[in-house]
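Dear colleague,

Please find below the structure that I am handing over to you. The notes that follow set out what was found in it.

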Amino acid sequence: MAMQPWFTDAKLGIFVHWGIYAVDGVQESWSFYDDIVPHDQYMSQLERFTGADYDPKAWADLFARAGAKYAVLTSRHHDGVALWDTRYGDLNLGKDYIGPYAEALREKGLKVGLYYSHSDWNHPDYASTRKPGRPPELEDNRYSEVAAEDEDLEAWERFIAYRDGQIKELASRYRPDLMWFDGEWDRSEEQWRIPELAALIRSYVPHVVFNARMLSEGDYATPEQGAPIVPPEGPWELCLTINDSWGYQHHDHNHKSLSQLIRYFTETIGSGGNLLLDVGPMEDGTIPQAQVERLEGLGEWIRRHAEAVYGTVRGLPAGHHYGPSTLSADRRTLYLTLFDVPRAEIGVRGLATPVRKVTVLGTGTELGHRVVGGLHEAVGVLWIDPPSEADLDPYATVLAVELDGELELYRGSGRF
């Protein structure tokens, strides 16, 4: 299926990791899987979770102010605890938190995304088989697999029926625009029944978008935490935490600065991707203030430079400009991002299309420019006068380069 245009136009999404792990502020699911926290202690958070101040309309308002166009909420992590009142399985919070979330997002014009883990390390039938080809010498984890001689394929069929039941509930009730899967490494595509799963969801939401962890049915790449040096071809998204944790952890105060987040954002969209920026609400449903402030700051920067964000495509390849860039959809305006105060003229190499005008986005100040050098097909360097101090943005300045035609680049090696 063709990629949905809304996704590539979105540029920013908000990832929301919220679950019982926020009660004690421990790592979601992995803390019991890796025996960091005793299983009984981890699961005791289920009785202590309140969601007392959960306000999805406040979430949606914050996400819209941040400049996001979609959000993705963890409907069920690897721990198996559902955020809606599912009829399948025994682990849920006894309340539907997803319905109000979906409604609030749509009221703000945001697309609705739901995270769902293929894996469920608490389901009694999950650890009934193992991934084909898994070396027998690797130690089994009791939450996810059994020894080869103990496999129970009937139990696995029961798990798939449970999984399909939950997915049917999510797809039919909430009609998500995006399904963000995880945990795919635990089994093979055949074991997961990926084509059948995709068909089930599309029977309710024909135009749903899937991330790459739906394997052969995935629509876009999902690098996690590490910004790619060579960006993926086609649609993609960088999922990134604001601090070092996905869910709320009391001790984690290592927040990325607003300057760093703006760099991540501009570099990601300049390479043709979206940034899926994660927040971890506290167990009562409130988003920590440090994360709120960073989302609001990012939104303020985006509003000042919206022309260079929305309705653009990936910009110049590396080597043409020292910094990220985006290109208008009609390929006639190039937007150059400057992180530092220019100490001299700004050079752009290989620009074959003549330049009509260069302005500072946000102030409208026009900057002088000229082309120097060039021989035969090898074009000269475009030199742009540096903006004045009054025209500089405190985080990242953007220059709009208006072209006399569609962008054409020289990518050769010059005359030998």
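I begin with one residue and its surroundings. Apart from neighbours within four places in sequence, D385 is in contact with E345, I346, L367, G368 and R370. Please bear in mind throughout that this is a predicted model.

D385 sits in the loop that joins β14 to β15. Its relative accessible area is 25%, and D385 is therefore partly exposed, since that class lies between the buried limit of 20% and the exposed limit of 50%. The C-alpha atoms of D385 and H369 are 6.0 Å apart, although 16 residues separate the two in sequence.

P386 belongs to the loop between β14 (residues 378–384) and β15 as well. With a relative accessibility of 34%, P386 also counts as partly exposed. Its contacts, again leaving aside neighbours within four places in sequence, are P342, A344, E345, I346 and L367. By contrast, P386 and D182 are 46 Å apart from C-alpha to C-alpha, with their positions 204 residues apart in sequence.

Two residues deserve attention for their backbone angles. R175 has a phi near 45°, which is a positive value in a residue other than glycine. R175 lies in the loop between α8 (153–174) and β4 (178–182), and its relative accessibility of 42% makes R175 partly exposed. H376 likewise has a positive phi, near 55°, and is not a glycine. The loop that holds H376 runs between β13 (369–375) and β14. At a relative accessible area of 63%, H376 is exposed, because that value is over 50%.

What, then, is the state of G19, buried or exposed? G19 is buried, with a relative accessible area of 5%. G19 is placed in the loop between β1 and α2 (21–24). The C-alpha atoms of G19 and S271 are separated by 33 Å, and the two residues are 252 apart along the chain.

Among the helices, I would draw your attention to α12. Helix α12 covers residues 289–304, and its 16 residues should span 22 Å at 1.5 Å a residue; the C-alpha atoms at its ends are 23 Å apart, so the two values agree. The buried residues of α12 are Q291, V292, R294, L295, G297, L298, G299, W301 and I302. These buried residues pack against two helices and three strands: α6 (56–65), α11 (258–270), β1 (12–16), β7 (273–279) and β15 (397–403).

Finally, I turn to the protein as a whole. The protein contains 12 helices and 15 strands. For 416 residues, a compact globule would have a radius of gyration near 22 Å, and the protein, at 24 Å, agrees with this. Along the principal axes, the C-alpha atoms fill a box of roughly 75 × 50 × 40 Å. Buried residues account for 55% of the 416 residues. Of the contacts between residues at least 6 apart in sequence, 70% join residues at least 24 apart.

As regards the surface, the protein exposes about 18,100 Å², of which carbon and sulfur atoms supply 49%. The protein has 39 positive and 65 negative charges, and the mean positions of these two sets are 6 Å apart.

With kind regards

Definitions and conventions. Residues numbered from 1 in each chain as written. Predicted model: local features only at pLDDT ≥ 70, side-chain atom pairs only at ≥ 80, totals over all residues. Heavy atoms only, no water. Helix = DSSP H or I, 4+ residues; strand = E, 2+ residues; numbered from the N terminus. Rg over C-alpha atoms; globule rule 2.2 N^0.38 Å. Buried < 20%, exposed > 50% of the residue type's maximum accessible area, 1.4 Å probe, protein only. Contact = heavy atoms within 4.5 Å. Areas by Shrake-Rupley, 256 points an atom, 1.4 Å probe, with all protein chains shown as cover. Lys, Arg positive; Asp, Glu negative; His and termini not counted. Charge placed at Lys NZ, Arg CZ, Asp CG, Glu CD. Expected span 1.5 Å × (residues − 1).
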